Amino acid sequence: MSAPIPHTTQFDPTRHLLLTPEDGEAPARVARLSELGIGDAPVPEFDEFARELARITGAPYAMVNFIDEHRQYFAGLYTPSEAQSGVELGPAPQQATPGRVMARDHGYCPHVVVRRKALVLEDVCDYPRFAGNPVVDEIGIRSYLGAPLIDRTGMALGTICVVDQEPRPWGRQGLETIKSMAADMVERIHRIEKGEI
């Protein structure tokens, strides 16, 4: 019996939902993030980066997200609320505020990491395969813009992303902005690795 092929995506035809993709790189990513000391605690500079990302894009929520086998951790987080809770997201009322930890099957960042490409969803409801994601009902997410953080080893460590509870016309400018900001974040991670930050 052969091992499962990494980086595949499963589709549930009964629900028309693009399930969370298999991520064969997750164990190596966890080791790399551990080397870097990232993923277990908020990083003030990453919070500031998320604030700047929100300002540039005009989005109410911005994250610097690192993903392991089971969860996502927002080491950088900006929300409209001054209280940036460390509470894990579980079943929540609609319009809940994102916390620092989210299950791996919530949201669109796991797709970005496995695809290793930016993802633009101006209105998630226009994409049946993404519209059934739990963040739509639990948090009220309607639009997403994210790009992978591919470090010097060639590994996708995580993502930066912005979300809104309204549809957003991100367009090509949004795509170029998120890709440029991802490159900037990767440079910051490399400076952390060198001990410059």
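1. A good place to start is Q72, which counts as buried at 1% relative accessibility. This glutamine is found in strand β4. Its side chain is joined to that of N65 by a polar contact of 2.7 Å. The residues that Q72 touches, leaving aside those up to four places away in sequence, include F66, I67, R100, V101, M102 and H106. Please keep in mind, here and below, that this is a predicted model.

2. Now a step back to the whole chain. There are six helices and eight strands, and along the sequence they follow the pattern β-β-α-α-β-β-β-α-β-α-α-β-β-α. Of the 197 residues, 49% count as buried. Among contacts between residues at least 6 apart in sequence, 66% join residues at least 24 apart. The chain exposes about 9,500 Å², and carbon and sulfur atoms supply 52% of that area.

3. Helix α1, residues 26-36, is worth viewing along its axis. Its buried residues are A26, R29, R32, L33 and L36. They lie on the same side of α1, because they cover an arc of only 120° around the axis. S34 and E35, on the other side of α1, are exposed. What covers the buried residues? The cover includes β3 (61-67), α3 (109-115), β8 (156-164) and α6 (171-193). Just after α1 comes G37, with a positive phi of about 70°.

4. Helix α6 deserves a look of its own. With 23 residues at 1.5 Å each, α6 should span 33 Å, and its end C-alpha atoms are indeed 33 Å apart. Buried residues in α6 include G174, L175, I178, M181, M185, R188 and H190. The buried residues of this helix pack against α1, α2 (44-57), β3, β6 (119-121), β7 (143-150) and β8. Just after α6, G195 takes a positive phi of about 80°.

5. Next, the nonpolar interior. In soluble globular proteins, nonpolar side chains tend to be buried together. The largest nonpolar core here has 33 residues, and F46, F66, L149, I160 and I189 touch the most other members. At least two residues of this core come from each of α1, α2, β3, β4 (71-78), β7, β8 and α6. Which element gives the largest share of this core? That is α6, with seven residues. A second, separate core of 22 residues includes V113, V135, I139 and Y144.

6. I160 makes a handy guide to the surroundings of one core residue. Not counting residues up to four places away in sequence, I160 touches F49, L53, M63, V64, L145, G146, A147, L149, I178, M181, A182 and M185. Four of the names in that list, I178, M181, A182 and M185, also appear among the buried residues of α6.

7. One backbone angle may catch your eye. Most residues other than glycine have a negative phi. R116, a residue other than glycine, has a positive phi near 65°. Where is R116 placed? This arginine sits in the loop between α3 and β6. With a relative accessible area of 32%, R116 is partly exposed.

Key
Residues numbered from 1 in each chain as written. Heavy atoms only, no water. Buried < 20%, exposed > 50% of the residue type's maximum accessible area, 1.4 Å probe, protein only. Arc of directions from axis to C-beta. Contact = heavy atoms within 4.5 Å. Expected span 1.5 Å × (residues − 1). Core = buried A, V, L, I, M, F, W, Y, C linked by side-chain atoms within 4.5 Å. Polar contact = N/O pair within 3.5 Å; in protein donor to acceptor, adjacent residues only side chain to side chain. Areas by Shrake-Rupley, 256 points an atom, 1.4 Å probe, with all protein chains shown as cover.
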